[in-house]
Amino acid sequence: MYFPSTYNEHNQSLKRFINTFNEYSQQRGGRFTIKMKEEDFHSDGFIIDSKTKKEIVFDWEKRHSYYITYGFPFDTFGQFERKIKKSGIDMSIQCSKNENAFCIAWHSDFKKEEVKNINSKTERGNTENTGKRFTKDFKEIKYDNMKEFYEILERAFDNNQFNKNSFLNG
């Protein structure tokens, strides 16, 4: 983790996200359940579909800079190559600093993009030149519109489309 001091806040934000989504899902009949994984430094949680009996694994990040509130400030959504290369992770979810919005991107879409080495700062102030991938195939969703995320999951699981096609309406 690049910022170990944010570890507790990361976990607390994930718990709040899970509670918000699971409450919404229960109102819709409870098809999907999100659970936090035991810490394994691999991924953060998984989404279970009671209809198809499938699950996907995701990586969670609470942003502390650049993405403060709704209105993601970039045309592309980035993820570290080290996370994309990990087997079994299907989706990246990053929430805004104030936790009123989040962005999602499928790892299958990230894998189509080239790796770029970009400088990243660590908590200690060091600069590390690390591989990242950036995709335009991402979706930003407000916390108060979990319906949109729920419907993306419905399309993904129902059509076995764990990619940008699940973002389409209809």
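**Exercise 1. Find which residue of β6 is the bridge partner of M91, then describe the sheet around it.**

*Solution.* Start with the pair itself: in β6, M91 has W106 as its bridge partner. Helices (H or I, at least four residues) and strands (E, at least two) are DSSP runs, numbered from the N terminus. This is a predicted model, where local features need pLDDT of at least 70 and side-chain atom pairs count only at pLDDT 80 or more, while totals for chains, interfaces and linings use all residues. Residues are numbered from 1 along each chain as its sequence is written, and side-chain values use heavy atoms, leaving out hydrogens and water.

Next, look at the two strands: β5 (residues 91-95) and β6 (residues 101-106) pair in the antiparallel sense over 5 bridges. Two strands pair if DSSP finds at least two bridges between them.

Now widen the view. An open sheet of 6 strands has the order β1-β2-β3-β5-β6-β9, with mixed pairing. Its edge strands are β1 (32-36) and β9 (139-142), each pairing on one side only.

**Exercise 2. Work out which residues are buried on each side of strand β4.**

*Solution.* Take one side first: F77 and Q79 are buried there. On the other side, G78 and F80 are buried too, so both faces of β4 (residues 77-80) are covered. Buried means under 20% relative accessible area, exposed over 50%, and partly exposed in between (1.4 Å probe, protein chains only). Then find the neighbour: 4 bridges join β4 to the antiparallel strand β8 (residues 127-135), where T135 is the partner of F77.

**Exercise 3. Explain why C103 forms no bond with C95.**

*Solution.* Recall the cut-off: a disulfide is a pair of cysteine sulfur atoms within 2.5 Å. Then check the distance: the closest cysteine sulfur to that of C103 is in C95, and because it is 9.9 Å away, it is too far for a bond. The structure holds 0 disulfides. Finally, consider accessibility: C95 counts as buried because its relative accessibility is 0%, and C103 counts as buried at 0% as well.

**Exercise 4. Identify the element that gives the most residues to the largest nonpolar core.**

*Solution.* A nonpolar core is a set of buried Ala, Val, Leu, Ile, Met, Phe, Trp, Tyr and Cys residues joined through side-chain atoms within 4.5 Å. The largest one has 28 residues, and those with the most contacts inside it include F17 and F149. Helix α4 gives the most, with 7 residues. A second, separate core of 9 residues includes Y67, F72, I84 and C103.
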